[in-house]
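Reader: Could you take me through one part of this model in detail, please? I'd love a close look at the protein surface that faces the DNA and at how the helix packing ties in with it.

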Amino acid sequence: MARAELLMETVAPEPDGTSASCWSIPKHGGMRVSAHLYGDRATLAEVTAGETLTQLAAVASLPGVVGPVCALPQVQPGCGFPAGAVAAFAARAGGVIVPGGIGYDINCGVRLLSAAVDASELRPRLATLMDDLLRGALYAPMRLSAPELASVLGHGASWAVAHGCGIPADVDPLDWRGTMPGADPRLGSERALVRGGGQLGTLGSGSHFVEIGYVERILDPAAADALSLRAGQVTAMLHSGSRGLGYQVSADGVELMQRAVERYRIQLPDRQLACAPLASDEARRFLGALAAAANYAFANRQVLTHRVREAVARALAVPVDALGLSVLCDVPHNLAAFENHVVEGRALSLCVHRRGAARGLPAGHPDLPNALRGLGQPVVLPGDMGRYSLLLLPEPGIAATFNSLPHGAGRRLGRAAAHGRPSSHPWPHELADAGIEVRSAAPEIVEECTPDAYHELEAILEVLSAARLARPVARLRPLGVLRG
DNA sequence: ATGTTC
């Protein structure tokens, strides 16, 4: 059957009045649960044209899955498991852990900082700042001894704070306060340990970035006030993960699970969805390594935060303390974690996999720190470096996605497709004209980041608002971008 | 995403 015909038969607005912002893919073939797709008609058309629909159906057929499998607006085909998708599994129902449902960059995420200083103060020093960051934040690794690395893997962001990178309050807004529980510092792989020893405090390449910007517009004054956000103030956003260590843990995990699939005789629709029962020894080993790699990423973003603070302070010739550059949020988007959810009136402990998807806890959630209990968990939604990003707050409807949001604008064009663009698109000169300072070790990376390679954030926001997943609090505008 | 093929 042609894929378009399959979609015509299986995707339809729900009878209970679900709007065009959420589409249901009913169970068919081997699916154990339905899948929900959040998006406008254009998103639906993209999903129809590619592999995403098949991949969603494959994920929805895995053992112990608790529906619905959710596809967020920027969803795209991934390695077996779509990027921008969420799937939850119940250990008691034979649920599994799926390394492919986390992604190769374990606990890759985006952190947002906001400063007490105004953008007008920074603008004259911007070029100097970006040159400084290019030298100091892109690749300036800390060398860790084996015991030091073990401590990083066990303690995450707090290790970095205890070693001079930041202040204790930095970890307050972080999930698990920056220390994911259950970490096994042995990782189960010597190679992963070797790779981790020399990369802490490095940004990474590809889509990883540091962006210096400012609050362009407040969209929800009461929420912005509660977060001490005001128009004009300097922001810093950084996107980085667990580097070679996380990659190795993930690759080791896929290999481990491919053996587990045979051992437990799991029927797989796609080899890349290799998995093991959450109750198995294989899962126990992988989950320990996963938490350790997540902690490495938390520590990495903390070290990078320290580097950014030092560079901004140097640029303005003020002490670091005077910047008030505080952590507004730190949003992992490649992770799996055990969480309590209520599904069809039943309280369940679920292992929620978020691949290219953020977690956003709604107001009142018991896992929120006291300071955010009444407001909900702020989530930054990065756009592209020529336009803007958004700060969001979860809305009550977010329970429908297991408290998940998209992780950014998402690529519309592949990185290769963004190369060799016609001269009618004089990117990146447009950025210079707009006063945005771009730095990268590799010029072709900048070319890959042309705004037309990304989805419109506005269209994503419309879907999030219509589905009552989140509301916008502030719009952030870039001033300078360092691309890995 | 990734010492982009140990």
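**The surface near DNA strand B**

Author: Happily! Helices α8 (190–196) and α10 each supply at least two residues of the surface near DNA strand B (helices are DSSP runs of H or I, at least four residues, numbered from the N terminus; near is a heavy atom within 4 Å). The model is predicted, with pLDDT of at least 70 for local features and 80 or more for side-chain atom pairs, while totals for chains, interfaces and linings use all residues; side-chain values use heavy atoms, without hydrogens and water. Residues count from 1 along each chain as written, with chains lettered from A and ligands numbered from 1 in written order.

In total, 13 residues surround DNA strand B, the closest being Arg195, Gln199, Ser205, Ser207 and Arg243. Of the strand's atoms within 4 Å of the protein, 69% belong to sugar and phosphate. Ser205 places a backbone N or O atom 3.1 Å from a phosphate oxygen of DNA strand B, and Arg243 brings a polar side-chain atom to 2.5 Å from a phosphate oxygen. Tyr247 points to a base instead: a polar side-chain atom lies 3.5 Å from a base oxygen of the strand.

The largest share of this surface, three residues, comes from α10. Helix α10 (residues 243–263) also packs on α11 (residues 281–316), at about 165° with axes 10 Å apart, so the two are roughly antiparallel (an angle over 145 degrees). Arg243 is part of that contact too, along with α10 residues including Leu245, Val249 and Leu256, while the α11 side includes Phe286, Leu290 and Tyr296 (contact: heavy atoms within 4.5 Å). Elsewhere, α11 meets α5 (residues 126–136): their axes come within 9 Å and cross at roughly 145°. There, Leu129, Asp132, Leu133 and Gly136 of α5 meet α11 residues, among them Arg307, Val308 and Ala311.

How values were computed:
Axes are lines fitted to C-alpha atoms, for helices over the stretch in contact, and angles run from 0 to 180 degrees between N-to-C directions. Angles under 35 degrees count as roughly parallel, over 145 as roughly antiparallel, 65 to 115 as roughly perpendicular and the rest as oblique. A polar contact is a pair of N or O atoms within 3.5 Å; within protein, one must be able to donate a hydrogen and the other to accept it, and residues adjacent in sequence count only if both atoms are side-chain atoms.
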